[in-house]
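Good morning, everyone. Have the sequence and the model open, and follow along as I go.

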Amino acid sequence: MLEPENRRLFLDTLRPPNGYVFDRAVGTTFTLDLMTLLSVPLAFTFRDAHDGAGELSRDPLALLESVRQSAGRIALFCHGGRTSVPRPGQHALAFVEDSVIPVFPPYGGASSAVFHPKIWLLRYVSAAGPVRYRLVCQSRNLTFDSSWDVSLVLDGVLDESRGEQNDVNRTLADFIRALPGMAPETISTDHLETVDLLADEVERVEFPAPRGLSLNRFLPLGIARTNETYPNRPHRRLLVISPFLDGGFLKSVVGRRHGCVLISRREELLKAPSDAVAAFDKVYAFRTGLEPEPEDDDDAIVPLAGLHAKVFVIDDGWNARIAVGSANATGVALGNPPRNVEFMVELVGRKSRFGIDALFSAGDDGEAGKFAGLIEEFSKDEAGSAEDSPDDLRLERLLDAAADSLARCEIRGRVETADRGHRGKLLAGDRAERTQEDF
């Protein structure tokens with residue numbers, strides 16, 4: 001379980017199966033790097049289309065044609081105001097700008113709540129075979145970040161003769177249908193058609209789970225007030241892997257559990273309240289400054305460093321329940337009710353193979369498991385010894401609130417004739433009241 005040598009580049013997870021071509025896709029992300037988005041259509045056509053750091057390669061005209069053909073069939077929903085500004089002169093971005101749909105959590109109630117899911121639902125077609133679907137559920141945003149992440153890839157075939165719906169997939173379909181309702185602006189007819197098609201068809205797709213596991217349920221959080229929280233099974237042993245922590249949530253989720261394990265970034269553990277960290281039996285910090293993997297000798301592959309994976313494991317009798325996806329161990333993500341929009345997938349397997357102890361078990365050669373080599377034990381006495389500056393936190397919240405406010409505005413440009421040439425104006429505000437600024 002979580003064997004780090006089983007690595008897969010993000011764009012590899014999007015490539016069509018042999019004999020198939022890309023048809024349509026719905027994606028979600030919190031933060032967005034437009035250059036990364038530009039590389040997504042290339043994954044459907046080219047291999048080695050980029051060098052891993054955002055620089056495109058191969059024939060530029062062929063790359064542009066690939067982007068032009070595919071970008072209009074990608075509907076990417078991202079949190080408004082969290083798109084990074086690209087370098088000047090990236091004219092090819094004009095092809096993908098209509099793919100981006102800014103959205104906001106429907107029940108956040110605070111600027112700290114965000115649209116945070118990280119999934120791709122892709123449709124592939126072939127002249128000789130049935131329609132195929134792929135669900136990619138990740139812990140990473142659509143950026144060229146080089147952190148350690150976790151990704152679950154499920155492939156399935158559309159059964160067009162199937163009359164009844166797949167009960168497990170109903171929550172996935174409901175999540176896809178809910179996305180357009182989170183957008184403050186009108187969405188194009190093409191994108192609405194893509195959403196409707198994928199949501200309707202995915203209910204008739206069977207997604208086989210990875211070997212030894214079964215697909216238990218999809219967990220969309222924050223799209224309805226009645227969403228259940230996670231983790232459940234309050235008396236069962238729990239393992240939490242999360243790069244960001246909330247002391248109040250950690251204490252509540254441990255509750256009366258025993259033998260719980262926490263894995264996070266060292267800098268986050270140092271800031272976490274000591275009583276919250278002490279609730280766990282074992283605490284580990286993800287090692288920084290890891291040596292590159294042997295396969296990282298290729299200059300096109302950036303060595304991974306830092307932790308961004310989110311995983312929850314519950315030992316449940318003879319079985320283990322494993323949830324992967326976007327949610328951190330925080331109240332805003334997994335509280336009751338959650339305020340963020342998140343997406344997780346829960347799998348079930350035998351505890352002897354996929355449980356908490358299996359994560360740390362020795363291999364046949366007696367060496368510690370490969371994942372155990374990425375972490376080191378953290379002294380719980382160090383918890384709470386560091387804290388963020390209150391001024392820095394306040395400034396960060398203000399900047400986030402300003403970005404959200406700007407992203408929610410209707411902003412239009414107008415150029416007017418003036419005595420000495422032309423004058424431009426930006427008009428920003430809601431539809432009822434607009435303010436204007438000269439520039």
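One definition to start. Helices here are DSSP runs of H or I with at least four residues, strands are E runs of at least two, and both are numbered from the N terminus. Also keep in mind that this is a predicted model.

Let's use that definition on helix α5. The helix covers residues 247–254. Just after α5 comes G255, with a positive phi of about 50°. At the other end, look at D246. One of its side-chain oxygens comes to within 3.0 Å of the backbone nitrogen of G248, at the start of α5.

Which residues of α5 are buried? They are G247, F249, L250, V253 and V254. Down the helix axis, these buried residues fall within an arc of 165°, so they line one face of α5. Here is the general background. An α-helix has 3.6 residues a turn, so residues three or four places apart point the same way. What does the buried set of α5 pack against? Two strands, β9 (238–241) and β10 (261–265), and two helices, α7 (274–278) and α8 (331–334).

Now the sheets. An open sheet of seven strands runs in the order β3-β2-β1-β4-β5-β6-β7, with mixed pairing. Its edge strands are β3 (100–103) and β7 (205–206), and each of them pairs on one side only. Helix α3, residues 170–178, packs on this sheet. There α3 touches β1, β4 and β5, and its direction makes about 100° with that of β4. Helix α4, residues 189–202, lies across β1, β2, β3, β4, β5, β6 and β7. Its angle to β1 is about 95°.

Zoom in on β4, residues 119–125. Six of its seven residues are buried, so "mostly covered" is a fair description. On one side, β4 is joined to β1 (residues 21–29) by six bridges, and the two run antiparallel. F22 has Y124 of β4 as its bridge partner. Six bridges also join β4 to β5 (residues 132–138), again antiparallel. There, L121 is matched with L135 in β5. How many residues does the hairpin from β4 to β5 pass through? Six.

Move to the β7 edge. Strand β6, residues 151–158, is joined to β7 by two bridges, antiparallel. V157 finds its bridge partner in E206 of β7.

Keep F22 in mind and go to R73. R73 sits in the loop between α2 (60–71) and β2 (74–79). Buried or partly exposed? Partly exposed, at 28% relative accessibility. R73 and F22 are 51 residues apart in sequence, yet their C-alpha atoms are 9.2 Å apart in space. Leaving out residues up to four places away in sequence, R73 touches F22, D23, R24 and A25.

On to another sheet. This open sheet has eight strands, in the order β8-β14-β13-β12-β9-β10-β11-β15, with mixed pairing. At the edges stand β8 (213–221) and β15 (375–377), each with a single partner strand, so one side of each has no neighbour in the sheet. From one strand to the next, the twist averages 20°. Strands β8 and β14 pair antiparallel over eight bridges. One of the matches is L213 with G349 in β14. Helix α3 shows up again: it lies across β8 and β14, at about 30° to β8.

In this sheet, find D315. D315 lies in β12, residues 311–316. It is buried, at 10% relative accessible area. Its side chain reaches the backbone nitrogen of I356 at 3.2 Å. Neighbours within four places in sequence aside, D315 is in contact with R236, R237, A320, K351, G355 and I356.

Last stop: the aromatic rings. How many aromatic pairs does the structure hold? Four. Take F175 and F343. Their ring centres are 4.9 Å apart and their planes stand at 55°, so this pair is tilted. F175 is in helix α3 and F343 is in strand β14 (residues 342–350), so the pair ties together parts 168 residues apart in sequence. F175 is buried, at 0% relative accessibility. F343 is buried as well, also at 0%. With F218, these two form one aromatic cluster.

That's my tour. Questions, please.

Conventions: Residues are numbered from 1 along each chain as its sequence is written. This is a predicted model: local features need pLDDT of at least 70, side-chain atom pairs count only at pLDDT 80 or more; totals for chains, interfaces and linings use all residues. Side-chain values use heavy atoms; hydrogens and water are left out. Buried means under 20% relative accessible area, exposed over 50%, partly exposed in between (1.4 Å probe, protein chains only). The arc is that of the directions from the helix axis to the C-beta atoms. Contact means heavy atoms within 4.5 Å. A polar contact is a pair of N or O atoms within 3.5 Å; within protein, one must be able to donate a hydrogen and the other to accept it, and residues adjacent in sequence count only if both atoms are side-chain atoms. Two strands pair if DSSP finds at least two bridges between them. Axes are lines fitted to C-alpha atoms, for helices over the stretch in contact, and angles run from 0 to 180 degrees between N-to-C directions. Rings of Phe, Tyr and Trp (its six-membered ring) pair if their centres lie within 6.5 Å; planes under 30 degrees apart count as stacked, over 60 as edge-to-face and the rest as tilted.
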